[in-house]
Amino acid sequence: MAVLVTRPNERGQQLVEMLAKAGIVAIHLPLFTIEAGAELNELPNKFAKLKADDYVFIVSKSAVDFADKALKDTGFAWRDDLHYFTVGQGTAQYFAATTATAVHYPTSQENSEGVLQLPAMQNLQGKTVLILRGNGGRELLSEQVQQRGANVEIVECYRREPLVYNNVEQTSLCKRAGIQTIVATSGEILTQLLDFVPRNEHNWLKSCQLITVSERISHLSQALGWQNVIVSPRADNQTLLQTLLQCR
């Protein structure tokens, strides 16, 4: 078994190292890096304007990292009179460990749909929901909370910057290494992967087993032509490792 890990930055490299320790050959091929977002400097001001009991929704660990640094660098702390939400347990645990602050998350469906099913999300009249996210991404949460009466503020805390490779050489390297399994943790990664791999190699690409982290990405991958798709129960590296070990 040989695995292609497309998760960016240090989290992708960490998964590669974990796989190597488990005796699995792995190549790290991030298609973009995560950098500070264009609106990050607006965060302290928007944060200060929130009313007590308003909501803050943090989409990912990267949002936690960049928001936490931006607040601390300007003398702010995570307010204890606000309610914090994440998509899943992994980001919730990371946020709690980083900020020592309580956080809510869905336990049965770790996506925006799951968040929207939480009791606290049903009546949002008079609330402001501050969404901390990257560039692009889904608009479902923003649209739905507005329909439920909330005022929405969005801060782009981080952005994805494409990395430049020789795509023919990298694809050839992956094939020579015997890559049969690919880890893709977001829809953006999946679509960039399709653009990155030369079209004449798409049969090989789509014949690979694909490991994703949500039913939404699974459905997208199947619509794009993958047939062997496995959904990891969670998006953290330890769970991904266990999923991969079970596929071996």
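**Exercise 1.** Determine how many cavities of 30 Å³ or more this predicted model holds, and describe the lining of the largest.

*Solution.* Step 1: the structure holds one cavity of 30 Å³ or more. Step 2: the space in the largest cavity comes to about 40 Å³. Step 3: its lining is formed by Leu4, Leu29, Gln170, Thr171, Cys174, Leu193, Phe196, Val197 and Trp204. Step 4: H7 and H8 are the elements that give two or more residues to this lining, and H7 gives the most, with three. Step 5: sorted by class, seven lining residues are nonpolar, two are polar and none is charged.

**Exercise 2.** Identify the buried residues of helix H8 and the elements against which they pack.

*Solution.* Step 1: in H8 (residues 187–196), the buried residues are Gly187, Ile189, Leu190, Leu193, Leu194 and Phe196. Step 2: these residues pack against strands E3 (32–36), E8 (181–183) and E9 (209–212), and also against helices H7 (167–176), H9 (202–207) and H10 (215–224). Step 3: Leu193 and Phe196 also line the largest cavity.

**Exercise 3.** Describe the two ends of helix H7.

*Solution.* Step 1: at the start of H7, a side-chain oxygen of Asn166 comes to within 3.1 Å of the backbone nitrogen of Val168. Step 2: just after H7, Gly178 adopts a positive phi of about 80°.

**Exercise 4.** Establish whether Cys174 is in a disulfide, and whether Cys174 is buried or exposed.

*Solution.* Step 1: a disulfide requires cysteine sulfur atoms within 2.5 Å, and the count of disulfides is zero. Step 2: for Cys174, the nearest cysteine sulfur belongs to Cys208, 8.6 Å away. Step 3: Cys174 has a relative accessible area of 2% and is therefore buried.

Conventions
Residues are numbered from 1 along each chain as its sequence is written. This is a predicted model: local features need pLDDT of at least 70, side-chain atom pairs count only at pLDDT 80 or more; totals for chains, interfaces and linings use all residues. Side-chain values use heavy atoms; hydrogens and water are left out. Buried means under 20% relative accessible area, exposed over 50%, partly exposed in between (1.4 Å probe, protein chains only). Helices (H or I, at least four residues) and strands (E, at least two) are DSSP runs, numbered from the N terminus. Contact means heavy atoms within 4.5 Å. A polar contact is a pair of N or O atoms within 3.5 Å; within protein, one must be able to donate a hydrogen and the other to accept it, and residues adjacent in sequence count only if both atoms are side-chain atoms. On a 1 Å grid over the protein atoms alone, a cavity is a set of points where a 1.4 Å probe fits but cannot get out, and a pocket is an open set with protein on both sides within 12 Å along at least five of seven lines; lining residues have an atom within 4 Å of a point. Grid points are joined across faces, edges and corners, and a volume is the space filled by probe spheres set on the points. Ala, Val, Leu, Ile, Met, Phe, Trp, Tyr, Cys and Pro count as nonpolar, Asp, Glu, Lys and Arg as charged, and the others, Gly among them, as polar.
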